[in-house]
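I opened this notebook page to record what I looked up in the model, item by item, beginning with the cysteines and then going on to the strands and the charged pairs.

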Amino acid sequence: MPWALGRTVTGYALADGVVLALETESWRSASQLVIAHPSGRVERRPLAETGTFRGGWLFGAIAEATVLRMFARRVSAAGFGPRVDLGLVPATSPGVYPCHFHLRTAGEASFLAIEISHGPEAPQVATTFFRGGRWSPLALHTLDSLDTRVACTRGVGHVLWKDDNMFSGTGSRDIVALTAWPEGTVRVERHPPLPASDYLDFEVLPLGDRVLALSLEETGLSARLAPLAELGRAPDLALLELPDGLWSFTAHARGEHAIVVLRESETRCEFAVRVAADGAVRPVTPFG
């Protein structure tokens, strides 16, 4: 069923056969929640703020004098719930804004990681857990990159990134893992990068309690799977062979498994595989 949605639709979600969308205008902080029904009926409910849909929630930030007030609202086919304040992010320099909202759910608990740009300064990630109907206090951590991989495994939050040298100035390409527990404990580990000769363009992401490092070789997709401290000496695994071509891939952390999408640019071939926490690989979509 096509619907006529005006202005700029900045986000959407699906719930019980109903399409939820957000209409806004770039110069306004307010928006409208659009509820499009399969029958073709469209409802619009005004909102005092705008944001991004993730997993049945609307997340966003309200700019105040020297802070960003992060918030969440439940959204569903019935409309939206009250605004919940998640916490404050200092915004004393220009260019402070939330870049990405990563929501991961494991069982009854959810883990939210928000990448926040601070302009020319080092970025941050804000983390919080949703348990028992409540969000935990927002915690802020310094990042070296605005390209993180996020997962939630057995109620523990994982944020993984490579030091991309943009903010640290170290040129290290270190692999950094932040592990967060709901009670507020946080552990940060840093490990030297994998050898450039073997993993010049490697991708890292959390997988279960370990780290998965992926790289394209001449014959296929290779990987290492180990705790971060052991990744440098872990054996290389041949995950799958690929025919000749110009291949690229994207990898997505999903807690106890990862999804890897591979693409060949000349033939426009695309397929996906699922990598389990034990390293087992099975196809998600057929090759071709």
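**Entry 1: cysteines.** I searched the whole structure of this predicted model for disulfides, and the search returned zero. I then looked up how far two of the cysteines are covered: C99 is partly exposed, with a relative accessible area of 24%, whereas C269 counts as buried at 9% relative accessibility. The cut-off matters for this reading, because buried means under 20% relative accessible area.

**Entry 2: the protein as a whole.** I noted the secondary structure next, and the protein has 26 strands and zero helices. Of its 288 residues, 49% count as buried, and the protein exposes about 14400 Å², of which carbon and sulfur atoms supply 52%. I also checked how contacts are spread along the sequence: taking those between residues at least 6 apart, 35% join residues at least 24 apart.

**Entry 3: a sheet of four strands.** I followed one open sheet, in which four strands pair antiparallel in the order β23-β24-β25-β26. The edges are held by β23 (247-253) and β26 (281-283), and each has a single partner strand, so one side of each is left without a neighbour in the sheet. On average, neighbouring strands of this sheet are turned by 25 degrees against each other, with direction ignored.

I went through the pairings of β24 in turn. Strand β24 (residues 257-264) runs antiparallel to β23 and is joined to β23 by seven bridges; within this pairing I picked out S248, whose bridge partner in β24 is R263. The two strands form a hairpin with three residues between them, and G255 in the turn has a positive phi of about 80 degrees.

On the β25 pairing, I found eight bridges joining β24 to strand β25 (residues 269-276), again in an antiparallel arrangement, and A258 stands opposite V275 in β25. β24 and β25 likewise form a hairpin, here with four residues between them, and R268 in the turn has a positive phi of about 60 degrees.

I then asked myself how many of the eight residues of β24 are buried. The count is six, so this strand is largely enclosed by the rest of the structure.

**Entry 4: salt bridges.** I ran the search for salt bridges over the whole structure and it gave 18. I wrote up three of the pairs in detail.

The side chains of R44 and E23 meet in a salt bridge at 3.0 Å, N to O. R44 belongs to strand β4 (residues 42-47) and E23 to strand β2 (residues 18-24), so the pair ties together parts that are 21 residues apart in sequence. I also looked up whether each partner is covered: R44 counts as partly exposed at 35% relative accessibility, while E23 is buried, with a relative accessible area of 2%.

For R83 and E49, I noted a salt bridge whose closest N and O atoms are 3.3 Å apart. Both residues sit in loops, R83 between β8 (79-80) and β9 (84-90) and E49 between β4 and β5 (52-54), so this pair ties together parts that are 34 residues apart in sequence. R83 is partly exposed, its relative accessible area being 39%, whereas E49 counts as buried at 3% relative accessibility.

The third pair I wrote up is D174 with R190, a salt bridge in which the closest N and O atoms are 3.4 Å apart. D174 lies in the loop between β16 (156-162) and β17 (175-180), and R190 lies in strand β18 (residues 186-191), so the pair ties together parts that are 16 residues apart in sequence. Here D174 counts as buried at 14% relative accessibility, and R190 is partly exposed, with a relative accessible area of 44%.

Last, I traced which salt bridges share partners, and found that E49, E64, R69, R73, R83 and D85 are joined in this way into one network.

Key. Residues are numbered from 1 along each chain as its sequence is written. This is a predicted model: local features need pLDDT of at least 70, side-chain atom pairs count only at pLDDT 80 or more; totals for chains, interfaces and linings use all residues. Side-chain values use heavy atoms; hydrogens and water are left out. Two strands pair if DSSP finds at least two bridges between them. Axes are lines fitted to C-alpha atoms, for helices over the stretch in contact, and angles run from 0 to 180 degrees between N-to-C directions. A salt bridge is a side-chain nitrogen of Lys or Arg within 4 Å of a carboxyl oxygen of Asp or Glu. Buried means under 20% relative accessible area, exposed over 50%, partly exposed in between (1.4 Å probe, protein chains only). Contact means heavy atoms within 4.5 Å. Accessible areas come from the Shrake-Rupley method with a 1.4 Å probe; for residues, only the protein chains shown count as cover. A disulfide is a pair of cysteine sulfur atoms within 2.5 Å.
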